[in-house]
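Colleague: I am new to this structure and would like a close look at a single part. Could you take me through the place where two helices pack against each other, and then show me what lies around it?

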Amino acid sequence: MPFDVAITLQRGKLRLDYAFQTEKGGLTALFGPSGAGKTSLLDAIAGLARPSEGRILVEDRVLFDKARRIDLRPEQRRCGYVFQDLRLFPHKSVRDNLLYGWRLAPAERRWMDFDAALGFLGIGHLLDRRPATLSGGEAQRVAIGRALLSGPRFLLMDEPLASVDAERREEILTVIERIRDELALPILYVSHDRAEVDRLASRVIAI
Ligand SMILES: Nc1ncnc2c1ncn2[C@@H]1O[C@H](COP(=O)(O)OP(=O)(O)OP(=O)(O)O)[C@@H](O)[C@H]1O
């Protein structure tokens, strides 16, 4: 099963409960209003927020299990996380941002090589640029490239169209569709745009 999650997360005074499982194939959207806890859930799956109860399995591998005292470190989880605010390193070139992802993965875990990622995402001409000089869509593709190069077993994408101008939306949507269809990676995708969810997702989880 790609994602099998049943956890409780405490965020300040707020208690957030999540329980869902997903079927093989396609993209699963997490859909819900601002503040509902979508980013918190991705953070818990990535190992950046620790649940107070429960368990998280991805592709039948236990990432977290409170009862069994299992809590893999983020770098052990093999998660490609595309953050809502991208978090590209501002002082590094596009090349070095991508190489950062690449170096996170031991050689045997890499399933996409550097040149293949450049071609797949159409970012080969941007290698010497700094993130501040990129358009929203270009920066988004670099962030996706960094995640793919880290040899992930699954992808978490937090509103990847949030910082993309209207004209570039189609380009990023097409990239996400290709990741879904050609790379066959389990994807959890946060959005609060109904049209986007209808186009991309094979199932929707209301948060
Ligand atoms: N570190 C924290 N400490 C206390 N409260 C937090 C913390 N992080 C998030 N929260 C609260 O937890 C709730 C869920 O936040 P979260 O960012 O997961 O929501 P979201 O569904 O992703 O929202 P958005 O769509 O606006 O990004 C919010 O009410 C938020 O204020």
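Modeller: Gladly; here is the helix pair, followed by its setting in the rest of the chain.

Please keep in mind that this is a predicted model. Two packed helices are described by the angle between their axes and the distance between the axes. Here the pair is α4, residues 136-149, and α5, residues 166-183. Their axes are 9 Å apart and meet at an angle of about 15°. An angle under 35 degrees counts as roughly parallel, so α4 is roughly parallel to α5. The crossing of α4 with α5 is right-handed.

Now for the residues that touch. From α4 come G136, G137, Q140, R141 and I144, and on the α5 side they meet R168, E171, I172 and V175. Sorted by class, this contact is evenly mixed, with three nonpolar, three polar and three charged residues.

With that pair in view, let us turn to another helix. Helix α1 spans residues 38-46 and is mostly covered, as eight of its nine residues are buried. The buried ones are K38, T39, S40, L41, L42, D43, A44 and I45. Just after α1 comes G47, with a positive phi of about 90°.

Two residues that are not glycine also deserve a glance. Most residues other than glycine have a negative phi. R69 has a positive phi, near 55°, and sits in the loop between β5 (61-65) and β6 (70-71). L86 has a positive phi too, near 65°, and its place is the loop between β7 (79-82) and α2 (94-104). Their surroundings can be told apart by counting C-beta neighbours. R69 has 7 of them inside 10 Å and therefore counts as exposed. L86 has 20 other C-beta atoms within 10 Å, so L86 is buried.

Finally, let us step back to the whole protein. Its secondary structure comes to six helices and ten strands. The radius of gyration is 17 Å, close to the 17 Å that the globule rule gives for 207 residues, so the protein is as compact as a globular protein of that length. Along the principal axes, the C-alpha trace spans about 50 × 40 × 35 Å. Buried residues make up 38% of the 207 residues. Among contacts between residues at least 6 apart in sequence, 72% join residues at least 24 apart.

Technical notes. Residues numbered from 1 in each chain as written. Predicted model: local features only at pLDDT ≥ 70, side-chain atom pairs only at ≥ 80, totals over all residues. Helix = DSSP H or I, 4+ residues; strand = E, 2+ residues; numbered from the N terminus. Buried ≥ 20, exposed ≤ 12 C-beta atoms within 10 Å, placed from the backbone. Axes fitted to C-alpha atoms, helices over the stretch in contact; angles between N-to-C directions. Parallel < 35°, antiparallel > 145°, perpendicular 65-115°, else oblique. Left-handed = near helix turned anticlockwise from the far one by under 90°. Contact = placed C-beta atoms within 7 Å. Nonpolar A, V, L, I, M, F, W, Y, C, P; charged D, E, K, R; others polar. Rg over C-alpha atoms; globule rule 2.2 N^0.38 Å.
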